[in-house]
Amino acid sequence: MPAQPAAAVAGLVLALAAMHCAPAAAFDETLAARGAALSKLHCARCHVVTPDNRMTGISSTPSFMILVKALDNWRDRFETFHARLPHPAHLRFSHDEPRPVDQPSTIAEVILEIDDLEAIVAYAEKLKAESE
C-alpha cells in the first residue's frame, strides 16, 4: 500500500480513537443510515450487508450480521477492515496516492473518505443493537 502523508495517517488515527471512545450500543441514526447506504454500494458486492441482499455476495465472505453477532472483536474488524486482506487491493481513502497501475483489476476500486469509515461502523453498531 502506498505511503501516506503523516497528516493523513494522524487524521485516521484520531478518527479511530474517537470511535473507540463511543459506547458500544450507541449509534447515530443518520450516520448509521449513511453507513447502510455506503455498505450497500461498496460492500454488498462481496458481503451480505442487509436481509435485502441475503442471496448475493460471495459465499465464503462473512455477512455483516455474522460478524457482529458471532465475533467479540467485531468492532475492531469494522474499524480496520480497510487494512485487512483483501480490502487493500481494491480500496483506498481519497487522500491516499492513486492505486498503482500494476494492481489486479479484477474488481472496481473503492475510494472512501475517513468519515465513511465512521458511518460504516455506525451501521454495524445498529446491526449489533438490533440483533440483541
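Let's start with Phe64, which counts as buried because its relative accessibility is 3%, and the cut-off for buried is under 20%. Keep in mind, as you turn the structure around, that this is a predicted model. Phe64 sits in helix 3, which covers residues 64-70.

Who does Phe64 pair up with? A pair of aromatic rings is described by the distance of the centres and the angle of the planes. By the pairing rule, there are three aromatic pairs here. In one of them, the ring centres of Phe64 and Phe78 are 5.0 Å apart and the planes stand at 85°, so you'd call this pair edge-to-face; that name goes to planes over 60 degrees apart. Phe78 belongs to helix 4, residues 74-79, so the pair links distant parts of the chain, with the two positions 14 residues apart in sequence numbering. Like Phe64, Phe78 is buried.

Phe64 has another partner, Tyr123. Here the centres lie 6.3 Å apart and the planes meet at 50°, so this pair is tilted. This one also links distant parts of the chain: Phe64 is in helix 3, Tyr123 is in helix 5 (residues 114-131), and they are 59 residues apart. Tyr123 is buried too, because its relative accessible area is 7%. Put these rings together with one more and you get a single aromatic cluster, made of Phe64, Trp74, Phe78 and Tyr123.

Now zoom out for a moment. The protein has five helices and two strands. If you walk along the sequence, they come in the order α-α-α-α-β-β-α. Of its 132 residues, 36% count as buried.

Helix 5 is a good place to pick up the trail again. Besides Tyr123, helix 5 holds Ile120. Ile120 has a relative accessible area of 2%, so it's buried. Look for Leu38 while you're there: its C-alpha atom is 7.0 Å from that of Ile120, even though the two are 82 residues apart along the chain.

Next come the charged side chains. How many salt bridges does the structure hold? The count is eight. One of them joins Glu125 to Arg75, with the closest N and O atoms 2.4 Å apart. Glu125 lies in helix 5 and Arg75 in helix 4, so this salt bridge ties together parts of the chain that are 50 residues apart in sequence. Are these two partners buried or exposed? Glu125 has a relative accessible area of 6%, so it counts as buried, and Arg75, at 11%, is buried as well.

Compare that with the salt bridge between Arg84 and Asp76, where the closest N and O atoms are 3.0 Å apart. Arg84 is partly exposed because its relative accessible area is 28%, and Asp76 is partly exposed at 32%. Then there's Glu132, whose side chain meets that of Lys128 in a salt bridge at 3.7 Å, N to O. Glu132 is exposed, because its relative accessibility is 70% and the exposed label applies over 50%. Some salt bridges share partners, and these join Glu29, Lys126 and Glu130 into one network.

Asp76 has something else to show you. Its backbone oxygen lies 2.7 Å from a polar atom of the Thr80 side chain. Thr80 is in the loop between helix 4 and strand 1 (91-93), and it counts as partly exposed because its relative accessibility is 21%. The C-alpha atom of Thr80 is also 9.8 Å from that of Val121, which is 41 residues away along the chain.

Finally, let's look at the empty space. Rolling a probe the size of a water molecule over the atoms shows where empty space is left. The largest pocket has a volume of about 500 Å³. Which residues lie nearest its centre? They are His47, Thr61, Phe81, Pro86 and His87, out of 24 residues that line the pocket. Helix 2 (29-43), helix 3, helix 4 and strand 2 (110-112) each supply at least two residues of this lining. Sorted by class, the lining of the largest pocket has 15 nonpolar, six polar and three charged residues.

Key:
Residues are numbered from 1 along each chain as its sequence is written. This is a predicted model: local features need pLDDT of at least 70, side-chain atom pairs count only at pLDDT 80 or more; totals for chains, interfaces and linings use all residues. Side-chain values use heavy atoms; hydrogens and water are left out. Rings of Phe, Tyr and Trp (its six-membered ring) pair if their centres lie within 6.5 Å; planes under 30 degrees apart count as stacked, over 60 as edge-to-face and the rest as tilted. Helices (H or I, at least four residues) and strands (E, at least two) are DSSP runs, numbered from the N terminus. Buried means under 20% relative accessible area, exposed over 50%, partly exposed in between (1.4 Å probe, protein chains only). A salt bridge is a side-chain nitrogen of Lys or Arg within 4 Å of a carboxyl oxygen of Asp or Glu. On a 1 Å grid over the protein atoms alone, a cavity is a set of points where a 1.4 Å probe fits but cannot get out, and a pocket is an open set with protein on both sides within 12 Å along at least five of seven lines; lining residues have an atom within 4 Å of a point. Grid points are joined across faces, edges and corners, and a volume is the space filled by probe spheres set on the points. Ala, Val, Leu, Ile, Met, Phe, Trp, Tyr, Cys and Pro count as nonpolar, Asp, Glu, Lys and Arg as charged, and the others, Gly among them, as polar. A polar contact is a pair of N or O atoms within 3.5 Å; within protein, one must be able to donate a hydrogen and the other to accept it, and residues adjacent in sequence count only if both atoms are side-chain atoms.
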